[in-house]
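Hi,

Here is the structure I promised to pass on. Have a look at it first, and my notes follow below.

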Amino acid sequence: MAASLDGQLVVAISSRALFDFEEENRLFETGDDRSYMKLQLDRLEIPAPPGVAFSLVKKLLAFNDPKTQRVEVVILSRNDPVSGMRVFRSAQHYGLPIQRGSFTRGQPPWRYLRPLRANLFLSTHLADVRAALAAGVPAAQVYPQSVHASDAHPNEVRIAFDGDAVLFSDEAERVFQAEGLSAFQAHEASHAAQPLAGGPFKPLLEALHRLQAEGTSDMHIRTALVTARSAPAHERAIRTLMNWNIEVDEAMFLGGLPKGEFLREFEPDFFFDDQTGHIEHASMHVPSGHVASGVSNPDQ
């Protein structure tokens, strides 16, 4: 019987998002790939330090048990196949059961997301993230300088999401940017009973909801909506989630307050937002990724 990933939550991740390859990457970016390959080969027996998304990946893989494979993590990397050996060796060192990967030696790897039916793609490369989002795959640009996740919740995957242009469409955000806060509040109050369309990360939230329902007694998922919305615009967000039959564990309606310190208290393994200003602030407190979608992220 052919192998299949059907029914699994599939996370595709670049090597720099999973491990700290920043020193090696500086050599890679000079274009001297032979020297880069030699450096990685020389360090084959030296495990790479954990990267920004390491905690998220480790905890998601803990949903698997000998009887049931619920989560699959696949490396999609612009590294060359020789350097890929160190990626797999590092994963093995940390006890991460990662078996699949594609190494493209500088070429865009995002095109392999479709056959994987990936639920999430994490990469440090913005162009790959944009292409993945355009293909309908939830994707975020990982900020390598982000603070790493707290180890205070070893049996709980904690993920925080922005609302507009992330979980929801950018419909309301367009009103805000075109007409200002008062018009935005009025628009959302008058449309409170009308669910927002799904944004790029709705499929991931749905997949996490299924994983939680099918998961184990040893691992749990805790989600948070962290948004600049405030009352009365809060109601449409809540009603939209109710319409989707999806619950989040926490909702923070911050009315424009900086999100970073609130996220620090929530202690997520990862936070997703569409605005670079929010991500740059949040990354000083928690692992963070930029969702390059919506009106705040015109194609460049």
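Ala12 has Phe121 as its bridge partner in strand 4. This is a predicted model, so please read everything here in that light. Strand 1 (residues 9-13) and strand 4 (residues 120-123) run parallel and are joined by three bridges. Both belong to an open sheet of 10 strands with mixed pairing, in the order 3-2-1-4-5-10-9-6-7-8. Strand 3 and strand 8 (250-253) are the edges, each pairing on one side only. From one strand to the next, the twist averages 25°.

On the strand 3 side, Gly101 may interest you. Gly101 sits in strand 3 (residues 100-103), and its C-alpha is 8.7 Å from that of Ala12, although the two are 89 residues apart in sequence. Leaving aside residues up to four places away in sequence, Gly101 touches Val74, Ile75 and Phe88. Is Gly101 buried or partly exposed? Its relative accessibility is 35%, so Gly101 counts as partly exposed. Helix 5 (residues 81-93) lies across strand 2 (71-77) and strand 3, at about 150° to strand 3.

Next, the cores. The largest nonpolar core has 66 residues, and Ile13, Leu18, Ile98, Leu122, Phe161, Phe201 and Phe272 have the most contacts inside it. This core draws at least three residues from each of domain 1 (9-142) and domain 2 (156-290). Phe201 has contacts that include Leu120, Pro138, Phe161, Val166, Phe272 and Val291, again not counting residues up to four places away in sequence. Another core, of 12 residues, lies apart from the one of 66 residues and has Tyr143, Met252, Phe266 and Phe271 among its members. As background, nonpolar side chains tend to be buried together in soluble globular proteins.

Helix 8 (residues 171-179) has a buried side too. Ala172, Glu173 and Val175 are buried there. They lie on the same side of helix 8 because they cover an arc of only 155° around the axis. Helix 9 (181-190) is included in what covers these buried residues. Just after helix 8, Gly180 takes a positive phi of about 100°.

One last spot is the loop between strand 5 (139-142) and strand 6 (156-161), where Ala152 is found. Ala152 has a relative accessible area of 45%, so it is partly exposed. The C-alpha atoms of Ala152 and Glu267 are 8.2 Å apart, while 115 residues separate the two along the chain.

Happy to talk it through whenever suits you.

Best wishes

Conventions. Residues numbered from 1 in each chain as written. Predicted model: local features only at pLDDT ≥ 70, side-chain atom pairs only at ≥ 80, totals over all residues. Heavy atoms only, no water. Helix = DSSP H or I, 4+ residues; strand = E, 2+ residues; numbered from the N terminus. Buried < 20%, exposed > 50% of the residue type's maximum accessible area, 1.4 Å probe, protein only. Contact = heavy atoms within 4.5 Å. Arc of directions from axis to C-beta. Core = buried A, V, L, I, M, F, W, Y, C linked by side-chain atoms within 4.5 Å. Domains from an automatic or database assignment. Pairing = 2+ DSSP bridges. Axes fitted to C-alpha atoms, helices over the stretch in contact; angles between N-to-C directions.
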